[in-house]
Amino acid sequence: MTAFSGPWGVSFTANLTPDPETGLGKWTEDMFITAMKTGRHEGKGRPILPPMPYFVVAELNDDDIKSLFAYLQSLPPVKNRVPQPVDPPEGGR
Ligand code: HEM
């Protein structure tokens, strides 16, 4: 349950542990809040793909989103590079 395919192509669940190279180790609290509220990768890039329910997390108040981030940053870092998402075939299916 870590790879999902659909009309968006193939997405892979992010490494949410605080590993600096392959996880959220270099993220700031602001990046996390902005990513969850805007649905943009790292708070500023490409759209975050399904089935990541960022819009559900966005319903939480800022204190709760900050608590989620603090919890994730408290986990032991795991080095696990997740593949980049794959675009769907040209012209769709
Ligand atoms: C409180 C619950 C959750 C939190 C805090 C969370 C957090 C995150 C974060 C921070 C990212 C990286 C976003 C980025 O690229 O900027 C992410 C990506 C992702 N999450 Fe979640 N997530 C949650 C629940 C879920 C659930 C329930 C699913 C699947 C059913 C899921 C699937 C994914 C997928 C597929 C990605 C990669 C999306 C992409 O590459 O664009 N997440 N998540």
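**Exercise 1. Decide whether Glu 42 is buried, partly exposed or exposed, then look at its backbone.**

Start with the cut-offs: buried is under 20% relative accessible area, exposed is over 50%, and partly exposed is in between (1.4 Å probe, protein chains only). Glu 42 comes in at 29% relative accessibility, so it counts as partly exposed. Now the backbone: phi is positive at about 55°, although Glu 42 is not a glycine. Most residues other than glycine have a negative phi.

A word on the numbers: this is a predicted model, where local features need pLDDT of at least 70, side-chain atom pairs count only at pLDDT 80 or more, and totals for chains, interfaces and linings use all residues. Residues are numbered from 1 along each chain as its sequence is written, and side-chain values use heavy atoms, with hydrogens and water left out.

**Exercise 2. Find the protein donor to the ligand's iron atom and place it in the chain.**

Donors are N, O and S atoms within 2.8 Å of the metal (3.2 Å for Na, K and Ca); water is not among the atoms, so sites may look incomplete. The protein gives the iron a single donor, SD of Met 52, 2.0 Å away. Met 52 sits in the loop between helix 1 (29-38) and helix 2 (54-57); helices (H or I, at least four residues) are DSSP runs, numbered from the N terminus. Pro 51 lies in that loop too, and the peptide bond from Pro 50 to Pro 51 is cis, with omega near 0°.

Note on methods:
Helices (H or I, at least four residues) and strands (E, at least two) are DSSP runs, numbered from the N terminus.
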